[in-house]
Amino acid sequence: SADTGVLLSVEAVSKQFRGLRALDEVTLTVHHGEIRGVVGPNGSGKTTLFNVISGFYRATAGSVSFAGSDTTTARPYTLSLAGLARTFQNLRLFGQLTVRENILVALDRTRAHTIWQYAVWQPGVLARERGLRAQADEILERYGLVDFAEADPSSLPYGIQRRIEIARAMAARPRLLLLDEPAAGLNGEEVQQLIRIVRSIRDSGTTVVLIEHNMGLVMSLCEKITVLSSGRVIAEGTPQEVVSAPEVIEAYLGD
Ligand code: ADP
């Protein structure tokens, strides 16, 4: 993948749910350093595509490769270790844990360790925990969450909770971040902040694919947009190219 610059390749993927073909031979290639937008009317297969890419669903046909490996049948946990992170349409933060602990859990998951490390006191463990804490603080700082470090996420405004979710996904330093409707429920100022955050994530070396309904956000963030309708890719190109494509106008008028 280093030679071709391709990070994610979805080839002729179909996903069938009983009588419904949610994805119909979808092909999509994402290069390192892209911010790709995936748009389409409700029910067009956007979230299903994310679920197939991230291993939550298995494709009925076709193949997926990520970071140079065939990941068509890979499980979510394996993909996460390989550098794929995602957020969900509905928030999935851990209750009972503070904001800092949510980040710490994500950092901890990125390192292999055994029960032995917890069962037996070792001089290395304390140093390691101090290291994790410093990293968590750095992430809290980077995402403007320092003031909320000790808070219960569910007590915080919705926009902040969404930011925590992105910070947690980024704690694993993923190669690819999938964002499922990151602007949903955000106010105008929060959307502007999100745009800055996504740009800085890309600038730090993580490729981003985002599903979004907010066309303003997609238009200003993405160099390239893929449009789905009824499980098929009906257009792909720059924001200017896709908004003027007759297939796209028709699909949205029918929504
Ligand atoms: P979008 O994200 O574009 O709104 P989805 O990918 O959520 O679309 O859904 C595409 C189609 O697949 C919809 O008709 C939806 O009802 C169906 N679908 C999604 N997930 C499942 C599932 N687990 N079982 C059955 N049908 C599903």
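**Close-up views of the predicted model**

**View 1. An open, antiparallel sheet.** Four strands line up as an open sheet in the order E2-E1-E4-E5, with antiparallel pairing. The edge positions go to E2 and strand E5 (69-70), each of which has a single partner strand, so one side of each is left without a neighbour in the sheet. Zoom in on E2 and strand E1 (residues 6-17) and you'll find 8 bridges joining the antiparallel pair. One of the residues to look for here is Lys15, whose bridge partner in E2 is Leu23. Keep in mind for this and every other view that the model is predicted.

**View 2. The shell around the ligand.** Eleven names are worth labelling here: Phe17, Leu20, Ala22, Gly40, Asn42, Gly43, Ser44, Gly45, Lys46, Thr47 and Thr48 are the residues around the ligand. Two elements give two or more residues to this shell, namely strand E2 (20-31) and helix H1 (46-53). H1 is the top contributor, with 3 residues. Sorted by class, the shell comes to 3 nonpolar, 7 polar and 1 charged residues.

**View 3. Helix H1 and what comes after it.** Staying with H1, 7 of its 8 residues are buried, so the helix is largely enclosed by the rest of the structure. Those buried residues are Lys46, Thr48, Leu49, Phe50, Asn51, Val52 and Ile53. Lys46 and Thr48 are also found around the ligand. Just past the helix comes Gly55, with a positive phi near 85°.

**View 4. Strand E3, covered on both faces.** Strand E3 (residues 35-39) is mostly covered, and 5 of its 5 residues are buried. On one side sit Ile35, Gly37 and Val39, on the other Arg36 and Val38, and both sets are buried. E3 pairs in the parallel sense with strand E8 (residues 207-211) over 4 bridges. It also pairs in the parallel sense with strand E9 (residues 224-229), again over 4 bridges. Gly37 is a handy landmark for both pairings: it stands opposite Leu210 in E8, and its bridge partner in E9 is Ile225.

**View 5. The largest nonpolar core.** This core has 60 residues, and those with the most contacts inside it are Ile53, Leu176, Leu177, Val208 and Val227. Helix H6 (residues 158-171) is the biggest giver, with 5 residues. Domain 1 (6-83 + 174-253) and domain 2 (94-161) both give residues to the core, so it lies between them. For a closer look at one member, try Leu177: setting aside neighbours within four places in sequence, it is in contact with Ala85, Ala169, Met170, Ile201, Thr206 and Val208. Ile53, from the list of residues with the most contacts in the core, is also one of the buried residues of H1.

**View 6. Stepping back to the whole protein.** The protein is divided into domain 1 (6-83 + 174-253) and domain 2 (94-161), with their C-alpha centres 29 Å apart. The secondary structure comes to 10 helices and 10 strands. Of the 255 residues, 35% are buried. As for contacts between residues at least 6 apart in sequence, 66% of them join residues at least 24 apart.

Methods. Residues numbered from 1 in each chain as written. Predicted model: local features only at pLDDT ≥ 70, side-chain atom pairs only at ≥ 80, totals over all residues. Near = placed C-beta within 6 Å. Nonpolar A, V, L, I, M, F, W, Y, C, P; charged D, E, K, R; others polar. Domains from an automatic or database assignment. Core = buried A, V, L, I, M, F, W, Y, C linked by C-beta atoms within 7 Å. Buried ≥ 20, exposed ≤ 12 C-beta atoms within 10 Å, placed from the backbone. Contact = placed C-beta atoms within 7 Å. Pairing = 2+ DSSP bridges.
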